[in-house]
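Hi everyone, thanks for having me. Could you all open the viewer on your laptops, so we can walk through this one together?

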Amino acid sequence: MVRHDILQLLAAHLQEYVSGERISQQLNVTRAAVWKQIKVLKEEGFEIEGQTKNGYRLLKMSLSLNEWALKQALTTTSLGRTICLEDELVSTNVRAKELARQGGVHGQIVLAKYQSLGQGRLQRQWESPRGGLWMSVVLRPDLSLADASKLTLAASVAIVDALEELFQLRIGIKWPNDLVFNGQKLAGILGEVVGEWNAVQTLILGMGINVNFPRERLSAPLKATTLYEILGYEVDLNILAAAILKHLEDKLISLEKKEFEDLRLSWLARAVGLGEDVRILQGEQVLQGVFKGISIDGALILETKDGEKSFSAGEVQLRSKMSGYF
Ligand code: ADP
């Protein structure tokens, strides 16, 4: 894509002028085409100065999603190597499922700058204004269906690790995979199995992270926060996405080697409500007990008055007493 080639050329000479003539010659396009693409890049948030005499110079990379920038930031082998980035999608999970059914490769990612109908668990809606990281990953791992819930746990820990690594933040995980900061939701994860797991073994991992926008962009009743609210500045979405994918890939490799213990402990170290009195909502049913931990199968363990019970990630919600069981 010419736009990416121009970006590459300018980025290779960051802060220096590159003449329009040189760009047009090197990429074999007209000067008018160069100018047009520069205009689009500026609209995407790249700070580019243009001077008739000297040409163009890239002053600052854009913080919003950009395929070229994301590829530069990636350090993975399989995750994110095929990218589908759209300005707007109904839901990245929906598109990822379509791609998976059409034979999409393992590790393919789908991103949208805006989702018109982002999905939460149990048919709930996920509000997805511009500035967030709305990303789904198509996974065809060497794992059995019983391990699917471990993958969603892996996704939560991958996001937590990335946020800690990049911004030194300590984020909590609320069963099974909501990420919270001071009791407010920062991110959610939606894992969906596509088709017959045993035949195709495809899982879509959707992640929604509230990043570069103020809290007011989300509807008032939500107990939500954004990275922008926490940090006070905007961050590079490409770098964040790349860091998450790297952590996720590492965890996936461990799971494929049947290693779950490190992940289980990392998850528990961040768990909200651990050792506390909680309520488990299973459809209409409500169960009360102490949240003991997660089993070696990745199920939640609840100590009830009738003994220990375990629940897999898909079926329940957890409400802690600390937050008034909400
Ligand atoms: P739960 O935490 O109840 O399991 P989900 O993971 O399914 O919920 O996420 C959907 C719910 O999250 C919605 O019903 C809404 O309450 C809340 N929500 C929706 N969009 C956002 C957002 N961008 N940030 C934080 N919370 C949100």
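I'll start with the ligand and then move on to some strands and their hairpins. Please keep in mind throughout that this is a predicted model.

So, where does the ligand sit? Its place is the largest pocket. Around the ligand there are 13 residues, and the ones that come nearest are Arg121, Glu127, Asp178, Lys185 and Asn210. If we sort this shell by residue type, we get four nonpolar, four polar and five charged residues.

Let's zoom in on some of those neighbours. Asp178 uses its side chain: an N or O atom there is 2.3 Å from an oxygen atom of the ligand. With Arg121, look at the backbone instead, where an N or O atom lies 2.5 Å from a ligand oxygen. Asn210 brings us back to side chains, with an N or O atom 2.9 Å from a nitrogen atom of the ligand. And how much of the ligand's accessible area does the protein cover? On its own the ligand has 570 Å² of accessible area, and the protein covers 86% of that.

Now please rotate to the strands. Strand β1 covers residues 47–51 and strand β2 covers residues 55–60. Five bridges pair them in the antiparallel sense, and a hairpin of three residues leads from β1 to β2. If you'd like one pair to click on, try Gln51, whose bridge partner in β2 is Gly55.

Further along the chain, we come to strand β13, residues 285–294, which runs antiparallel to strand β12, residues 277–282, with six bridges joining the two. One pair to find here is Leu281, standing opposite Val286 in β13. The hairpin of β12 and β13 has two residues between the strands, and Gly283 takes a positive phi near 60 degrees in it.

β13 also has another partner, strand β14, which spans residues 300–304. These strands are antiparallel too, joined by four bridges. Here, Phe291 stands opposite Leu302 in β14. How many residues lie between β13 and β14 in their hairpin? There are five, and Gly298 in that turn has a positive phi of about 85 degrees.

One general point to help you while you look at strands: in a regular strand, the side chains alternate between the two faces of the sheet.

To recap, we've seen a ligand sitting in the largest pocket, and a strand β13 that is joined to β12 by six bridges and to β14 by four. Thanks for listening!

Definitions and conventions. Residues numbered from 1 in each chain as written. Predicted model: local features only at pLDDT ≥ 70, side-chain atom pairs only at ≥ 80, totals over all residues. Heavy atoms only, no water. Pairing = 2+ DSSP bridges. Near = heavy atom within 4 Å. Polar contact = N/O pair within 3.5 Å; in protein donor to acceptor, adjacent residues only side chain to side chain. Areas by Shrake-Rupley, 256 points an atom, 1.4 Å probe, with all protein chains shown as cover. 1 Å grid on protein atoms, 1.4 Å probe; cavity = no way out; pocket = protein on both sides within 12 Å on 5 of 7 lines; lining within 4 Å. Sits in = over half its atoms within 2 Å of the grid points. Nonpolar A, V, L, I, M, F, W, Y, C, P; charged D, E, K, R; others polar.
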